[in-house]
Amino acid sequence: MSTTERPRILVVGGGYVGLYAARRILKKMRYGEATVTVVDPRSYMTYQPFLPEAAAGSISPRHVVVPLRRVLPKAEVLTGRVTTIDQDRKVATVAPIVGETYELPFDYLVIAMGAVSRTFPIPGLAEQGIGMKGIEESIGLRNHVLEQLDKADSTTDEAVRRKALTFVFVGGGFAGAETIGEVEDMARDAAKYYTNVKREDMRFILVDAADKILPEVGPKLGAYGKEHLEGRGVEIYLSTSMDSCVDGHVVLKNGLEVDSSTIVWTAGVKPNPALARFGLPLGPRGHVDTSEKLQVQGTDYIWAAGDNAQVPDLVGRKAGNPNAWCPPNAQHALRQAKVLGDNVISGMRGFPQKEYSHANKGAVAGLGLHKGVAMIVVGKVKIKLKGRLAWYMHRGYHGMAMPTWNRKIRVFADWTLAMFLKREVVSLGAMETPREEFYEAAKPAPAPAAVKTEGEKARAS
Ligand SMILES: Cc1cc2nc3c(=O)[nH]c(=O)nc-3n(C[C@H](O)[C@H](O)[C@H](O)COP(=O)(O)OP(=O)(O)OC[C@H]3O[C@@H](n4cnc5c(N)ncnc54)[C@H](O)[C@@H]3O)c2cc1C
């Protein structure tokens with residue numbers, strides 16, 4: 001951490017909002033006007049809409065993340081977690097990835113810590129479940145699913161095989177529907193290489209407490225997405241929830257019980273709970289309460305946006321809904337970050353703040369190779385697409401929305417290579433314990449048992 005005479009703009013979180021806001025501020029700032037410091041426990045930003053494709057092996061995991069130090073060369077990037085904020089002293093406490101915590105003074109503050117998986121106290125969930133919020137989970141899920149196929153192919157125990165080949169996904173929004181669509185597609189592809197595993201042997205189950213899936217694309221396309229997944233053999237249980245999953249024994253409220261080694265939890269998100277320690281005004285669901293100018297209510301030097309903020313949706317409010325808030329998605333996060341960056345610069349220079357207003361442009365979702373749904377809003381018209389065309393829209397949109405040309409080119413290259421070389425279906429589960437084999441080879445040999453003399457043998461017997 002550098003000590004500086006210039007004012008410090010502290011950006012807490014280097015995800016969508018943090019990265020784009022920092023870039024905007026650096027672009028608009030005069031030379032030496034301020035120090036921009038970005039703190040994040042990860043040294044990279046994750047493009048979350050590509051996590052399902054990374055789990056399916058359609059994109060290399062490294063290409064889904066953007067190294068912060070590389071794209072923000074003029075910023076100070078610190079790898080650690082902001083644990084508290086002292087507003088009176090204008091000081092943040094940072095817990096670095098290693099070593100003692102320290103205090104970081106700031107003049108202006110941007111809160112961009114995103115969201116975490118929203119969970120419930122369901123017995124077994126913490127031990128058995130895996131989320132879909134980070135690249136680590138996406139790689140873990142891919143290795144795990146392929147490992148289940150390896151297990152099922154090689155065991156003679158029918159119960160082990162059944163459990164390995166049953167995959168349960170809880171939550172049918174964007175993240176859940178896309179992930180089950182992509183993973184089912186990969187497993188179907190991979191099954192071609194296994195002698196004892198066929199697609200029909202696998203059970204894919206999607207559970208949601210709501211009465212529909214994919215609410216983001218509207219009821220008609222959501223219904224199409226459901227029919228499409230069911231056509232591929234996915235069992236979908238709506239208006240029900242998971243009661244427990246102790247040791248992988250899944251019990252649903254509707255009475256269904258299955259044993260499963262794979263329980264993927266994608267039942268929504270909630271604002272980062274660390275916000276509760278920051279002393280900022282919070283909304284009823286734990287978001288930082290911001291004005292339409294993205295300023296935290298009651299402050300003139302703190303801004304917030306993205307999944308951790310409740311930002312008034314001015315378009316919805318103009319249309320007559322006084323309680324409209326911007327939904328937590330990348331579409332808003334990206335645009336809010338740019339307005340936020342401009343407002344930080346204006347705030348620093350004593351100029352007026354801009355309002356954030358954005359009309360929904362629609363949504364696209366991929367459900368596996370060549371399959372998808374898309375709802376594009378043009379003026380007052382909603383264009384609904386499904387199947388291959390929607391999938392091209394999904395890839396085109398997200399491919400271009402991926403930050404930096406370096407990453408865009410890598411993602412398009414992955415897709416192009418996969419067209420000719422087919423998808424990778426190898427499980428590298430052992431990556432999680434890379435030192436195990438070396439340890440076995442290098443660990444000290446046990447002391448050899450002492451050779452007993454004839455006399456000692458006789459005494460012992
Ligand atoms: C699987 C999946 C698919 C999605 N698909 C779509 C889609 O198709 N379209 C769409 O519009 N949206 C999609 N989204 C939502 C979209 O990705 C999010 O809305 C967006 O990432 C929000 O940006 P953010 O900056 O608020 O949060 P994030 O991008 O999550 O960034 C938050 C950052 O804060 C950091 N952080 C956390 N705690 C601390 C701390 N204490 N100190 C410092 N830093 C901290 C985190 O490490 C992270 O880097 C998807 C999300 C998921 C999970």
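This section describes the domain arrangement, one helix, one loop residue and a surface patch of a predicted model.

The chain is divided into two domains, each assembled from two segments: domain 1 comprises residues 8-117 and 270-349, and domain 2 comprises residues 125-267 and 362-420. A distance of 29 Å separates the C-alpha centres of domain 1 and domain 2. Contacts between them involve 36 residues on the side of domain 1 and 32 residues on the side of domain 2.

Helix α7 covers residues 174-191. At 1.5 Å a residue, its 18 residues should span 26 Å, and the end C-alpha atoms are indeed 26 Å apart, so the expected and computed spans agree. Of the 18 residues of α7, 14 are buried, and the helix is therefore largely enclosed by the rest of the structure.

T240 is located in the loop that links β13 (234-237) to β14 (242-244). Because its relative accessible area is 5%, under the 20% limit, T240 is classed as buried. When neighbours within four places in sequence are left aside, the residues in contact with T240 are V207, D208 and A209, together with L252, K253 and N254.

On the surface, a nonpolar patch is formed by M400, W405, I409 and F412, whose combined accessible area is about 440 Å². Helix α12 (residues 405-421) supplies the largest share of this patch, with 3 residues. M400, by contrast, belongs to helix α11 (residues 388-401). The relative accessibility of M400 is 44%, and this residue therefore counts as partly exposed.

Terms used: Residues numbered from 1 in each chain as written. Predicted model: local features only at pLDDT ≥ 70, side-chain atom pairs only at ≥ 80, totals over all residues. Heavy atoms only, no water. Helix = DSSP H or I, 4+ residues; strand = E, 2+ residues; numbered from the N terminus. Buried < 20%, exposed > 50% of the residue type's maximum accessible area, 1.4 Å probe, protein only. Contact = heavy atoms within 4.5 Å. Patch = residues over 30% accessible without salt bridge, like charges linked within 9 Å, V, L, I, M, F, W, Y side chains within 5 Å. Areas by Shrake-Rupley, 256 points an atom, 1.4 Å probe, with all protein chains shown as cover. Salt bridge = Lys/Arg side-chain N within 4 Å of Asp/Glu carboxyl O. Expected span 1.5 Å × (residues − 1). Domains from an automatic or database assignment.
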